[in-house]
Amino acid sequence: MTILRRNCGYSKIDKEDPEEVSRRRAQFLIYKVLVQADSRRKPSFIRIRLCKLQIKIGKRLRKLRKSMLVSISAARIAFYKQLITQLTTWKRFFSQGETIASLPPLFN
């Protein structure tokens with residue numbers, strides 16, 4: 001029975017001060033950031049070159065896309081202009097066709 005009533009090795013801790021808890025948490029976060037900063041390697045020469053190459057390729061692709069959009073829009077405008085002129089000529093042709101059809105035949 002004495003074995004069951006034996007005090008545990010752990011005792012209940014009084015409530016901690018909230019300021020102390022926030023201070024300890026801040027210290028832990030600072031420590032964690034410093035450890036991460038120390039663990040980062042210096043970027044290698046190849047990695048730097050690769051990043052610069054990616055930027056250069058991205059700029060070229062953006063310029064190519066922009067020029068393609070401009071050329072496509074210019075072609076579209078030219079196509080629409082040609083279509084409108086064709087429609088107007090057809091309109092004139094068919095509107096004149098009524099006057100030609102009302103003339104008497106030449107060879108009777």
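1. Aromatic pairs. In this predicted model, a search of the whole structure returns two aromatic pairs. One of them joins phenylalanine 79 and tyrosine 80, with 6.0 Å centre to centre and 50° between the planes, a tilted arrangement. Tyrosine 80 has a relative accessible area of 46% and is therefore partly exposed, since that class ends at 50%.

2. The phenylalanine pair. The rings of phenylalanine 93 and phenylalanine 94 have centres 5.5 Å apart and planes at 65°. Because planes over 60 degrees apart count as edge-to-face, this pair falls in that class. Phenylalanine 93 and phenylalanine 94 are each exposed, whereas tyrosine 80 of the tilted pair is partly exposed.

3. Threonine 85. This residue belongs to helix α2, which covers residues 45-101. The side chain of threonine 85 makes a contact at 2.6 Å with the backbone oxygen of glutamine 82. As for solvent exposure, threonine 85 is assigned a relative accessibility of 42%, so the residue counts as partly exposed.

4. Nonpolar surface patch. Which residues make the nonpolar surface patch? The contributors are Leu50, Leu53, Ile57, Leu61, Leu64, Met68 and Ile72, and the patch amounts to about 650 Å². Leucine 53, one of these residues, is placed in helix α2. Its relative accessible area of 44% makes leucine 53 partly exposed; a patch residue needs over 30%, so leucine 53 meets that requirement.

5. Salt bridge. How many salt bridges does the count give? The count comes to one. The partners are glutamate 20 and arginine 23, whose side chains meet with an N to O distance of 3.5 Å. Because the cut-off for such a pair is 4 Å, this distance qualifies.

6. Setting of the salt bridge. Both glutamate 20 and arginine 23 are located in helix α1, which spans residues 18-39. They are three residues apart, or about one turn of the helix. Glutamate 20 is partly exposed, its relative accessible area being 37%. Arginine 23 also counts as partly exposed, at 46% relative accessibility.

7. Overall fold and burial. The secondary structure consists of two helices and zero strands. What percentage of the 108 residues of the protein count as buried? The figure is 0%. Buried requires under 20% relative accessible area, so the values of 37% for glutamate 20 and 42% for threonine 85 both lie outside that class.

8. Surface composition. The area exposed by the protein is about 12,000 Å². Carbon and sulfur atoms supply 63% of this exposed area. The nonpolar patch described in point 4, of about 650 Å², includes Met68 as well as leucine and isoleucine residues.

Key: Residues are numbered from 1 along each chain as its sequence is written. This is a predicted model: local features need pLDDT of at least 70, side-chain atom pairs count only at pLDDT 80 or more; totals for chains, interfaces and linings use all residues. Side-chain values use heavy atoms; hydrogens and water are left out. Helices (H or I, at least four residues) and strands (E, at least two) are DSSP runs, numbered from the N terminus. Buried means under 20% relative accessible area, exposed over 50%, partly exposed in between (1.4 Å probe, protein chains only). A polar contact is a pair of N or O atoms within 3.5 Å; within protein, one must be able to donate a hydrogen and the other to accept it, and residues adjacent in sequence count only if both atoms are side-chain atoms. Rings of Phe, Tyr and Trp (its six-membered ring) pair if their centres lie within 6.5 Å; planes under 30 degrees apart count as stacked, over 60 as edge-to-face and the rest as tilted. Patches are made of residues with over 30% relative accessible area and no salt bridge: like charges are joined within 9 Å, nonpolar side chains (Val, Leu, Ile, Met, Phe, Trp, Tyr) within 5 Å. Accessible areas come from the Shrake-Rupley method with a 1.4 Å probe; for residues, only the protein chains shown count as cover.
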